[in-house]
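Subject: Handover of a structure

Dear colleague,

Please find below the structure that I am handing over to you. My notes on what was found in it follow directly after.

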Amino acid sequence: MRAIVQHTYGGPDILTETEVPLPEPGVGEVRIRVAAAGVNPTDWKHRDGTIPYDHGLPATTGWDVAGTVDKTGPGVTIFEEGDEVFGMLPYPYAPGSYAEFATGPARAFAAKPGTIDFAQAAALPLAALTAWQALHDTAGLRDGQRVLIQGAAGGVGHLAVQIARHLGAEVTATASAADADFVRSLGAAQVFDYRTTSISDVLSDADAALVPFTGQTRLDSLRAVRRGGVLVSLLGADEEALTLAGERGVRYRSLMVQSDHAGMRAIADLAAEGALRAKIHATLPLSRAAEAHRLGEDGQIDGKLVLLP
Ligand SMILES: NC(=O)c1ccc[n+]([C@@H]2O[C@H](COP(=O)([O-])OP(=O)(O)OC[C@H]3O[C@@H](n4cnc5c(N)ncnc54)[C@H](OP(=O)(O)O)[C@@H]3O)[C@@H](O)[C@H]2O)c1
(Lines give C-alpha, C1' and ligand atoms only; values in the text may rest on other atoms or scores of the structure.)
Protein backbone atom coordinates (compact mmCIF):
# COMPACT_ATOMS: atom_id res chain seq x y z
CA MET A 1 0.00 0.00 0.00
CA ARG A 2 1.00 3.63 -0.35
CA ALA A 3 1.87 5.57 2.80
CA ILE A 4 3.57 8.83 3.66
CA VAL A 5 6.76 7.87 5.46
CA GLN A 6 9.48 9.92 7.16
CA HIS A 7 12.94 8.55 7.95
CA THR A 8 14.24 11.65 9.76
CA TYR A 9 12.75 14.61 11.63
CA GLY A 10 12.60 17.82 9.64
CA GLY A 11 10.63 20.09 7.31
CA PRO A 12 7.61 19.13 5.19
CA ASP A 13 9.75 17.82 2.31
CA ILE A 14 10.89 14.80 4.32
CA LEU A 15 7.37 13.39 3.90
CA THR A 16 7.77 10.82 1.15
CA GLU A 17 5.15 8.69 -0.54
CA THR A 18 6.40 5.11 -0.25
CA GLU A 19 5.19 1.56 -0.90
CA VAL A 20 4.96 -0.30 2.44
CA PRO A 21 3.50 -3.67 3.53
CA LEU A 22 -0.25 -3.83 4.20
CA PRO A 23 -0.75 -3.83 8.01
CA GLU A 24 -2.61 -6.76 9.60
CA PRO A 25 -5.21 -6.04 12.29
CA GLY A 26 -4.23 -7.54 15.66
CA VAL A 27 -6.51 -8.74 18.46
CA GLY A 28 -9.35 -6.26 18.94
CA GLU A 29 -8.28 -4.22 15.93
CA VAL A 30 -9.82 -3.30 12.63
CA ARG A 31 -8.10 -2.43 9.39
CA ILE A 32 -9.59 0.60 7.70
CA ARG A 33 -9.34 1.39 4.01
CA VAL A 34 -8.68 5.10 4.52
CA ALA A 35 -11.03 7.37 2.56
CA ALA A 36 -9.82 10.54 4.29
CA ALA A 37 -7.21 11.50 6.89
CA GLY A 38 -7.56 14.67 8.94
CA VAL A 39 -4.52 16.91 9.55
CA ASN A 40 -3.78 18.37 13.01
CA PRO A 41 -0.98 20.56 14.43
CA THR A 42 0.39 17.55 16.32
CA ASP A 43 1.13 15.90 12.94
CA TRP A 44 3.75 18.51 12.07
CA LYS A 45 4.98 18.75 15.66
CA HIS A 46 5.79 15.02 15.38
CA ARG A 47 7.14 15.38 11.83
CA ASP A 48 9.71 17.99 12.86
CA GLY A 49 10.61 16.26 16.13
CA THR A 50 9.11 18.91 18.46
CA ILE A 51 7.30 15.85 19.84
CA PRO A 52 9.35 12.73 19.00
CA TYR A 53 7.43 9.61 17.97
CA ASP A 54 7.01 7.14 20.82
CA HIS A 55 8.18 4.27 18.58
CA GLY A 56 10.93 6.24 16.79
CA LEU A 57 11.56 6.35 13.03
CA PRO A 58 10.61 5.53 10.32
CA ALA A 59 7.10 6.74 10.98
CA THR A 60 3.83 7.51 9.26
CA THR A 61 2.09 10.39 10.93
CA GLY A 62 -1.63 11.17 11.30
CA TRP A 63 -4.26 10.15 13.83
CA ASP A 64 -7.58 11.10 12.24
CA VAL A 65 -9.18 8.48 10.03
CA ALA A 66 -12.43 8.01 8.14
CA GLY A 67 -12.96 5.04 5.91
CA THR A 68 -14.37 1.55 5.48
CA VAL A 69 -13.60 -1.48 7.63
CA ASP A 70 -11.61 -3.78 5.39
CA LYS A 71 -10.72 -6.57 7.82
CA THR A 72 -11.44 -7.32 11.48
CA GLY A 73 -8.93 -8.87 13.88
CA PRO A 74 -9.77 -11.59 16.43
CA GLY A 75 -12.37 -10.61 19.01
CA VAL A 76 -13.96 -7.66 17.21
CA THR A 77 -17.74 -7.75 17.51
CA ILE A 78 -18.85 -4.15 17.00
CA PHE A 79 -17.85 -3.72 13.33
CA GLU A 80 -17.70 -5.87 10.26
CA GLU A 81 -16.17 -5.62 6.84
CA GLY A 82 -17.81 -2.85 4.83
CA ASP A 83 -18.83 -0.66 7.80
CA GLU A 84 -18.12 3.05 7.34
CA VAL A 85 -16.36 4.40 10.43
CA PHE A 86 -14.38 7.36 11.73
CA GLY A 87 -12.12 7.81 14.72
CA MET A 88 -8.75 8.74 16.18
CA LEU A 89 -5.86 6.25 16.32
CA PRO A 90 -4.45 5.90 19.86
CA TYR A 91 -2.65 9.10 20.78
CA PRO A 92 0.29 9.55 20.86
CA TYR A 93 1.69 6.09 20.34
CA ALA A 94 -0.07 4.70 17.24
CA PRO A 95 -0.23 7.19 14.36
CA GLY A 96 -0.48 6.12 10.73
CA SER A 97 -3.51 7.61 9.03
CA TYR A 98 -1.52 9.16 6.13
CA ALA A 99 -1.82 5.89 4.22
CA GLU A 100 -4.15 3.80 2.10
CA PHE A 101 -4.87 1.53 5.09
CA ALA A 102 -4.59 2.00 8.86
CA THR A 103 -5.15 -0.37 11.77
CA GLY A 104 -6.40 0.56 15.22
CA PRO A 105 -8.50 -0.70 18.12
CA ALA A 106 -12.11 -1.22 17.01
CA ARG A 107 -13.27 0.90 19.93
CA ALA A 108 -11.27 3.89 18.72
CA PHE A 109 -13.97 4.21 16.06
CA ALA A 110 -17.67 4.92 15.73
CA ALA A 111 -20.04 4.40 12.84
CA LYS A 112 -19.87 7.32 10.42
CA PRO A 113 -23.27 9.02 10.16
CA GLY A 114 -24.70 8.67 6.69
CA THR A 115 -25.38 12.40 6.65
CA ILE A 116 -21.69 13.41 6.54
CA ASP A 117 -19.08 12.59 3.92
CA PHE A 118 -15.67 11.03 4.58
CA ALA A 119 -13.79 14.34 4.46
CA GLN A 120 -16.09 15.86 7.11
CA ALA A 121 -15.79 12.69 9.20
CA ALA A 122 -11.98 12.77 9.02
CA ALA A 123 -11.85 16.42 10.05
CA LEU A 124 -13.64 15.74 13.33
CA PRO A 125 -12.10 13.05 15.58
CA LEU A 126 -8.95 14.44 17.26
CA ALA A 127 -10.18 18.03 17.54
CA ALA A 128 -13.74 17.14 18.52
CA LEU A 129 -12.62 14.49 21.04
CA THR A 130 -10.30 17.07 22.59
CA ALA A 131 -13.18 19.52 22.94
CA TRP A 132 -15.57 16.82 24.21
CA GLN A 133 -13.10 15.41 26.73
CA ALA A 134 -12.27 18.93 27.94
CA LEU A 135 -15.77 20.38 28.21
CA HIS A 136 -17.98 17.34 28.89
CA ASP A 137 -15.70 14.86 30.66
CA THR A 138 -13.28 17.19 32.48
CA ALA A 139 -15.13 20.45 33.13
CA GLY A 140 -18.53 18.75 33.38
CA LEU A 141 -20.02 21.78 31.65
CA ARG A 142 -23.72 22.17 32.35
CA ASP A 143 -26.72 24.11 31.16
CA GLY A 144 -26.46 27.79 32.06
CA GLN A 145 -22.75 27.82 32.84
CA ARG A 146 -20.34 30.25 31.23
CA VAL A 147 -17.29 28.96 29.39
CA LEU A 148 -14.29 30.71 27.87
CA ILE A 149 -13.06 29.17 24.61
CA GLN A 150 -9.66 30.53 23.61
CA GLY A 151 -8.68 30.21 19.93
CA ALA A 152 -12.32 29.70 18.98
CA ALA A 153 -11.78 29.83 15.21
CA GLY A 154 -9.12 27.09 15.39
CA GLY A 155 -9.42 23.38 14.74
CA VAL A 156 -10.29 22.55 18.36
CA GLY A 157 -11.90 25.89 19.22
CA HIS A 158 -14.59 25.99 16.53
CA LEU A 159 -15.78 22.53 17.51
CA ALA A 160 -15.56 23.40 21.22
CA VAL A 161 -17.92 26.35 20.72
CA GLN A 162 -20.48 24.04 19.11
CA ILE A 163 -20.10 21.39 21.83
CA ALA A 164 -20.38 23.98 24.61
CA ARG A 165 -23.60 25.32 23.06
CA HIS A 166 -24.94 21.77 22.81
CA LEU A 167 -24.23 21.35 26.54
CA GLY A 168 -26.23 24.52 27.19
CA ALA A 169 -23.34 26.79 28.18
CA GLU A 170 -22.93 30.45 27.29
CA VAL A 171 -19.72 30.92 25.31
CA THR A 172 -17.26 33.79 25.54
CA ALA A 173 -14.69 33.31 22.81
CA THR A 174 -11.45 34.78 21.51
CA ALA A 175 -10.45 34.93 17.86
CA SER A 176 -8.83 37.41 15.51
CA ALA A 177 -11.19 40.16 14.27
CA ALA A 178 -11.55 38.57 10.83
CA ASP A 179 -12.95 35.39 12.42
CA ALA A 180 -15.39 37.06 14.84
CA ASP A 181 -18.49 36.64 12.64
CA PHE A 182 -17.66 32.99 12.00
CA VAL A 183 -17.31 32.30 15.73
CA ARG A 184 -20.57 34.15 16.47
CA SER A 185 -22.29 32.05 13.80
CA LEU A 186 -21.29 28.94 15.78
CA GLY A 187 -23.17 30.27 18.80
CA ALA A 188 -20.67 32.29 20.83
CA ALA A 189 -22.41 35.07 22.78
CA GLN A 190 -19.32 37.29 22.85
CA VAL A 191 -16.16 37.26 20.76
CA PHE A 192 -13.06 39.26 21.72
CA ASP A 193 -10.09 39.96 19.47
CA TYR A 194 -7.14 38.36 21.23
CA ARG A 195 -4.77 40.79 19.52
CA THR A 196 -6.37 43.84 21.15
CA THR A 197 -8.11 42.56 24.30
CA SER A 198 -6.74 40.81 27.33
CA ILE A 199 -9.54 38.43 28.30
CA SER A 200 -9.18 39.05 32.04
CA ASP A 201 -10.12 42.72 31.46
CA VAL A 202 -13.57 41.67 30.23
CA LEU A 203 -14.29 38.35 31.98
CA SER A 204 -13.77 37.18 35.56
CA ASP A 205 -16.57 34.73 36.34
CA ALA A 206 -16.28 31.89 33.81
CA ASP A 207 -17.12 28.46 35.22
CA ALA A 208 -14.65 26.85 32.85
CA ALA A 209 -12.02 27.73 30.26
CA LEU A 210 -10.53 25.75 27.38
CA VAL A 211 -7.03 27.01 26.65
CA PRO A 212 -4.82 25.71 23.80
CA PHE A 213 -2.05 28.28 24.50
CA THR A 214 0.73 28.88 26.99
CA GLY A 215 2.26 32.04 28.48
CA GLN A 216 0.31 35.23 29.04
CA THR A 217 -2.85 33.93 27.29
CA ARG A 218 -3.05 31.06 29.77
CA LEU A 219 -2.40 33.32 32.77
CA ASP A 220 -5.07 35.78 31.58
CA SER A 221 -7.45 32.85 31.12
CA LEU A 222 -6.90 31.79 34.74
CA ARG A 223 -7.89 35.30 35.84
CA ALA A 224 -11.09 34.99 33.77
CA VAL A 225 -12.26 31.89 35.70
CA ARG A 226 -14.17 32.17 38.98
CA ARG A 227 -12.92 30.64 42.23
CA GLY A 228 -13.88 26.94 42.16
CA GLY A 229 -14.01 26.92 38.37
CA VAL A 230 -11.79 24.84 36.12
CA LEU A 231 -9.23 25.60 33.41
CA VAL A 232 -8.48 22.83 30.93
CA SER A 233 -5.07 23.33 29.34
CA LEU A 234 -4.20 21.61 26.07
CA LEU A 235 -0.49 22.44 26.38
CA GLY A 236 0.45 21.14 29.81
CA ALA A 237 1.38 23.35 32.75
CA ASP A 238 4.22 25.42 34.12
CA GLU A 239 5.07 26.62 37.61
CA GLU A 240 3.66 30.12 37.04
CA ALA A 241 0.29 28.84 35.82
CA LEU A 242 -0.02 26.28 38.64
CA THR A 243 0.89 28.89 41.26
CA LEU A 244 -1.66 31.37 39.93
CA ALA A 245 -4.32 28.64 39.74
CA GLY A 246 -3.61 27.77 43.38
CA GLU A 247 -3.79 31.42 44.49
CA ARG A 248 -7.08 31.97 42.67
CA GLY A 249 -8.69 28.64 43.69
CA VAL A 250 -9.08 27.54 40.07
CA ARG A 251 -8.79 23.82 39.35
CA TYR A 252 -6.12 23.28 36.71
CA ARG A 253 -6.36 20.25 34.43
CA SER A 254 -3.91 19.29 31.65
CA LEU A 255 -5.64 17.22 29.02
CA MET A 256 -4.05 14.83 26.55
CA VAL A 257 -6.66 13.61 24.09
CA GLN A 258 -7.38 9.87 24.18
CA SER A 259 -9.03 7.39 21.84
CA ASP A 260 -12.55 7.11 23.15
CA HIS A 261 -15.44 5.03 21.83
CA ALA A 262 -18.05 6.76 24.00
CA GLY A 263 -16.72 10.17 22.96
CA MET A 264 -16.74 9.20 19.27
CA ARG A 265 -20.34 7.99 19.56
CA ALA A 266 -21.35 11.29 21.14
CA ILE A 267 -19.56 13.13 18.32
CA ALA A 268 -21.26 10.93 15.73
CA ASP A 269 -24.68 11.72 17.25
CA LEU A 270 -23.96 15.46 17.25
CA ALA A 271 -22.72 15.34 13.65
CA ALA A 272 -25.78 13.33 12.58
CA GLU A 273 -28.09 15.92 14.20
CA GLY A 274 -26.24 18.73 12.45
CA ALA A 275 -25.13 20.15 15.82
CA LEU A 276 -21.42 19.67 15.09
CA ARG A 277 -19.71 20.48 11.83
CA ALA A 278 -16.03 20.94 11.05
CA LYS A 279 -15.05 23.81 8.79
CA ILE A 280 -12.87 22.39 6.03
CA HIS A 281 -10.32 24.69 4.44
CA ALA A 282 -9.31 22.23 1.72
CA THR A 283 -8.97 18.61 0.76
CA LEU A 284 -5.70 17.56 -0.88
CA PRO A 285 -4.49 14.26 -2.32
CA LEU A 286 -2.35 12.23 0.08
CA SER A 287 0.63 12.77 -2.23
CA ARG A 288 0.49 16.48 -1.29
CA ALA A 289 0.86 15.88 2.47
CA ALA A 290 3.96 18.11 2.54
CA GLU A 291 1.96 20.99 1.07
CA ALA A 292 -0.79 20.43 3.67
CA HIS A 293 1.81 20.70 6.44
CA ARG A 294 3.30 23.87 4.93
CA LEU A 295 -0.15 25.48 4.74
CA GLY A 296 -1.06 24.47 8.27
CA GLU A 297 2.25 25.53 9.80
CA ASP A 298 2.13 28.90 8.07
CA GLY A 299 -1.25 29.51 9.70
CA GLN A 300 -2.71 30.42 6.31
CA ILE A 301 -5.69 28.09 6.61
CA ASP A 302 -9.20 28.79 7.66
CA GLY A 303 -10.50 25.48 9.02
CA LYS A 304 -9.20 21.94 8.76
CA LEU A 305 -7.13 20.26 6.06
CA VAL A 306 -8.00 16.75 4.95
CA LEU A 307 -5.90 14.33 2.86
CA LEU A 308 -7.50 11.91 0.41
CA PRO A 309 -5.50 8.74 -0.45
N1 LIG B 1 -3.53 18.31 24.56
C2 LIG B 1 -4.17 17.82 23.51
O3 LIG B 1 -4.63 16.68 23.55
C4 LIG B 1 -4.36 18.66 22.28
C5 LIG B 1 -5.34 18.30 21.38
C6 LIG B 1 -5.55 19.10 20.25
C7 LIG B 1 -4.76 20.24 20.05
N8 LIG B 1 -3.78 20.54 20.95
C9 LIG B 1 -2.94 21.73 20.74
O10 LIG B 1 -3.77 22.87 20.83
C11 LIG B 1 -3.30 23.89 19.96
C12 LIG B 1 -4.43 24.37 19.06
O13 LIG B 1 -4.82 23.33 18.18
P14 LIG B 1 -5.80 23.65 16.97
O15 LIG B 1 -5.91 22.42 16.14
O16 LIG B 1 -7.03 24.29 17.47
O17 LIG B 1 -4.89 24.75 16.19
P18 LIG B 1 -5.26 25.79 15.07
O19 LIG B 1 -6.29 25.18 14.16
O20 LIG B 1 -3.98 26.25 14.51
O21 LIG B 1 -5.99 26.99 15.82
C22 LIG B 1 -5.38 27.92 16.61
C23 LIG B 1 -6.30 29.16 16.63
O24 LIG B 1 -5.93 30.00 17.70
C25 LIG B 1 -5.88 31.34 17.28
N26 LIG B 1 -4.90 32.02 18.16
C27 LIG B 1 -3.55 32.08 18.02
N28 LIG B 1 -3.01 32.73 19.08
C29 LIG B 1 -4.03 33.06 19.91
C30 LIG B 1 -4.12 33.70 21.16
N31 LIG B 1 -3.03 34.20 21.79
N32 LIG B 1 -5.33 33.85 21.73
C33 LIG B 1 -6.44 33.37 21.14
N34 LIG B 1 -6.44 32.76 19.94
C35 LIG B 1 -5.25 32.59 19.33
C36 LIG B 1 -5.52 31.28 15.82
O37 LIG B 1 -6.07 32.40 15.20
P38 LIG B 1 -5.29 33.20 14.02
O39 LIG B 1 -5.02 32.17 12.96
O40 LIG B 1 -6.27 34.23 13.60
O41 LIG B 1 -4.05 33.73 14.66
C42 LIG B 1 -6.24 29.99 15.37
O43 LIG B 1 -7.57 30.28 14.95
C44 LIG B 1 -2.11 23.27 19.19
O45 LIG B 1 -0.91 23.68 19.82
C46 LIG B 1 -2.33 21.80 19.34
O47 LIG B 1 -1.15 21.05 19.22
C48 LIG B 1 -3.56 19.78 22.06
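The protein has 9 helices and 15 strands. Please bear in mind that this is a predicted model.

Overall form

The protein's C-alpha trace spans about 55 × 40 × 35 Å along its principal axes. A compact globule of 309 residues would have a radius of gyration near 19 Å, and the value for the protein, 19 Å, agrees with that. Of these 309 residues, 53% count as buried. Among contacts with a separation of 6 or more, 64% are made by residues 24 or more positions apart. The exposed surface of the protein amounts to about 12600 Å², of which carbon and sulfur atoms supply 48%.

The ligand and its surroundings

The ligand is surrounded by 23 residues, and the closest are Lys45, Gly155, Ser176, Tyr194 and Val257. Sorted by class, this shell holds 12 nonpolar, 8 polar and 3 charged residues.

Polar atoms of the protein approach the ligand at several places. For Tyr194, a polar side-chain atom lies 2.4 Å from an oxygen atom of the ligand. For Thr217, a polar side-chain atom lies 3.2 Å from a nitrogen atom of the ligand. Gly154 takes part through its backbone: one of its N or O atoms lies 3.4 Å from a ligand oxygen atom. The ligand taken alone exposes 940 Å², and the protein buries 76% of that. Three elements give two or more residues to the shell around the ligand, namely α1 (41-47), α3 (125-138) and α4 (155-166).

Helix α6 and Arg218

Helix α6 covers residues 215-223 and contains Arg218. Which residues of α6 are buried? They are Arg218, Leu219, Asp220, Ser221 and Leu222. The buried residues of this helix pack against the strands β8 (146-149), β11 (206-211), β12 (225-233) and β13 (251-254), and also against helix α7 (239-248).

Arg218 itself has a relative accessible area of 2%, and it counts as buried because that value is under 20%. A polar atom of the Arg218 side chain lies 3.0 Å from the backbone oxygen of Leu235. Beyond its neighbours within four places in sequence, Arg218 is in contact with Val211, Phe213, Leu231, Ser233, Leu235, Gly236, Ala237, Asp238, Ala241 and Tyr252. Leu235 thus appears both in this list of contacts and as the residue whose backbone oxygen faces the Arg218 side chain at 3.0 Å.

Gln6, a buried loop residue

Gln6 is situated in the loop between β1 (2-5) and β2 (16-19). Is Gln6 buried or exposed? Its relative accessibility is 0%, so Gln6 counts as buried. Two polar contacts involve the side chain of Gln6. One of its polar atoms lies 2.9 Å from the backbone oxygen of Thr8, and a polar contact of 2.7 Å links the Gln6 side chain to that of Tyr53. With residues up to four places away in sequence set aside, Gln6 touches Ile14, Leu15, His46, Arg47, Tyr53, Leu57, Pro58 and Ala59.

The loop between α1 and β4

Pro58, one of the residues that Gln6 touches, belongs to the loop between α1 and β4. The peptide bond that joins Leu57 and Pro58 is cis, with omega about 0°. Most peptide bonds are trans.

His55 is also placed in the loop between α1 and β4 (64-72). With a relative accessible area of 44%, His55 is partly exposed, because this value falls between the limits of 20% and 50%. Residues up to four places away in sequence not counted, His55 touches Tyr93 and Pro95. His55 and Pro95 are 40 residues apart in sequence, while their C-alpha atoms are 9.9 Å apart in space.

A second cis peptide bond

Where else is there a cis peptide bond? One joins Tyr91 and Pro92, again with omega about 0°. Pro92 lies in the loop between β5 (84-88) and β6 (101-105).

When viewing the structure, you may wish to begin with the ligand and its 23 surrounding residues, then turn to the buried residues of α6, and finally to the cis peptide bond between Leu57 and Pro58 and the one between Tyr91 and Pro92.

With kind regards

Key. Residues are numbered from 1 along each chain as its sequence is written. This is a predicted model: local features need pLDDT of at least 70, side-chain atom pairs count only at pLDDT 80 or more; totals for chains, interfaces and linings use all residues. Side-chain values use heavy atoms; hydrogens and water are left out. A residue is near a molecule or strand if one of its heavy atoms lies within 4 Å of it. A polar contact is a pair of N or O atoms within 3.5 Å; within protein, one must be able to donate a hydrogen and the other to accept it, and residues adjacent in sequence count only if both atoms are side-chain atoms. Accessible areas come from the Shrake-Rupley method with a 1.4 Å probe; for residues, only the protein chains shown count as cover. Helices (H or I, at least four residues) and strands (E, at least two) are DSSP runs, numbered from the N terminus. Ala, Val, Leu, Ile, Met, Phe, Trp, Tyr, Cys and Pro count as nonpolar, Asp, Glu, Lys and Arg as charged, and the others, Gly among them, as polar. The radius of gyration is taken over C-alpha atoms; the globule rule is 2.2 Å times the number of residues to the power 0.38. Buried means under 20% relative accessible area, exposed over 50%, partly exposed in between (1.4 Å probe, protein chains only). Contact means heavy atoms within 4.5 Å.
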